[in-house]
Amino acid sequence: MKKLLVILVVLALAACTKTTTAPGDSAPAFVLDYSASCTSGGAPTISGNSVTFGSGTQCQAGRIVATQSYTNITEFRATVDLSKLTNNYVNASIYMVSNPAQPTVQPVGTNYCDAGGNGNQWNCREIDFMETNGNKLFQTTLHLGDGGSSAPQQFEYSYASTALNNSCFNSANMKNDPAKGLHDITGIDMSKPFDMVATFTYDTPKMVVTYQQGSVSVVVYDSSTAGAEGSGSVNMADLTASMKNGYWPVISFWQGYSPTGPGSAPWWNGSCQWGALCNNTSSYWSISNIQVTTASSAKK
């Protein structure tokens with residue numbers, strides 16, 4: 001996962017070894033890990049705890065990584081704007097990674113790892129708050145436990161109104177069945193920003209992800225359910241253990257994987273070509289007001 005079909009640009013940055021353990025709220029800072037070959041746009045633009053992946057007629061794809069990791073996270077929240085992400089099969093990703101072998105080393109360049117086989121020897125954990133198929137389909141996933149890319153994962157899918165009555169998608173297959181990891185988020189207007197909020201509890205380890213916009217609030221992930229079709233059983237005790245090691249927030253815009261919905265009744269029908277990642281007016285997004293809340297211990 002997260003393998004972009006682009007030219008990798010490794011920055012001349014020393015590996016960061018800063019981990020925060022103090023409780024409270026934090027606005028993370030970020031650095032560029034690589035920029036995609038979107039020649040007209042260049043690299044993603046970082047401004048404090050906000051990032052834009054394009055503007056006007058220019059796309060700016062790539063990956064950024066926080067300058068520090070966080071232990072015992074109780075909440076991760078951000079404002080997401082996907083109004084310009086109308087191309088299909090382009091992925092706006094918000095996630096975190098934890099390397100049990102070298103947890104305090106910033107995952108950039110050759111030290112980058114995730115649960116999809118990048119740095120597979122380290123068995124890195126990955127928590128995907130949001131992965132997208134344009135601004136139409138969404139996936140949230142917990143990748144926990146030893147085994148690298150073969151480790152268990154539990155995921156859930158959501159569909160927006162932008163996927164309905166669209167020849168590239170099977171609207172008839174879309175259903176709201178939270179107990180089976182399927183969610184209707186058509187109440188969230190994709191032409192406007194919305195808030196993504198992930199909360200963690202540890203006495204009984206659990207992660208819940210919610211999309212919020214005005215008076216609308218929709219749960220898109222609850223780890224206490226069995227997950228969508230194809231999910232494995234994840235060991236939630238591993239969430240507590242990996243949180244003590246610390247997680248590095250990562251934000252990316254890439255192409256190579258996008259959510260398609262349940263395997264036996266897919267929502268993406270594959271009849272359309274992938275939309276272009278670069279150099280167009282229909283393929284960029286932004287994230288702002290990123291906030292991480294931590295506790296002094298995982299007992300909260």
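**View 1. N72, a buried loop residue with positive phi**. N72 has a relative accessible area of 8%, so it counts as buried (under 20%, using a 1.4 Å probe and protein chains only). Look for N72 in the loop between β9 (69–70) and β10 (73–81); strands here are DSSP runs of E with at least two residues, numbered from the N terminus. Its phi is near 50 degrees, a positive value in a residue other than glycine. This is a predicted model, where local features need pLDDT of at least 70 and side-chain atom pairs count only at pLDDT 80 or more, while totals for chains, interfaces and linings use all residues. Numbering runs from 1 along each chain as its sequence is written, and side-chain values use heavy atoms, with hydrogens and water left out.

**View 2. Y89 and its ring cluster**. Y89 sits in the loop between β10 and β11 (91–98), with phi near 55 degrees. At 9% relative accessibility, Y89 is buried too. Ring pairs tie Y89 to F169, W268 and W274 in a cluster; rings of Phe, Tyr and Trp (its six-membered ring) pair if their centres lie within 6.5 Å.

**View 3. Q154 in strand β14**. Q154 belongs to β14 (residues 153–159) and is buried, at 5% relative accessibility. A polar atom of its side chain lies 3.2 Å from the backbone oxygen of S223. Leaving aside neighbours within four places in sequence, Q154 is in contact (heavy atoms within 4.5 Å) with residues including T140, Y221 and V234.

How values were computed: Helix = DSSP H or I, 4+ residues; strand = E, 2+ residues; numbered from the N terminus. Buried < 20%, exposed > 50% of the residue type's maximum accessible area, 1.4 Å probe, protein only. Polar contact = N/O pair within 3.5 Å; in protein donor to acceptor, adjacent residues only side chain to side chain. Phe/Tyr/Trp six-rings, centres within 6.5 Å; stacked < 30°, edge-to-face > 60°.
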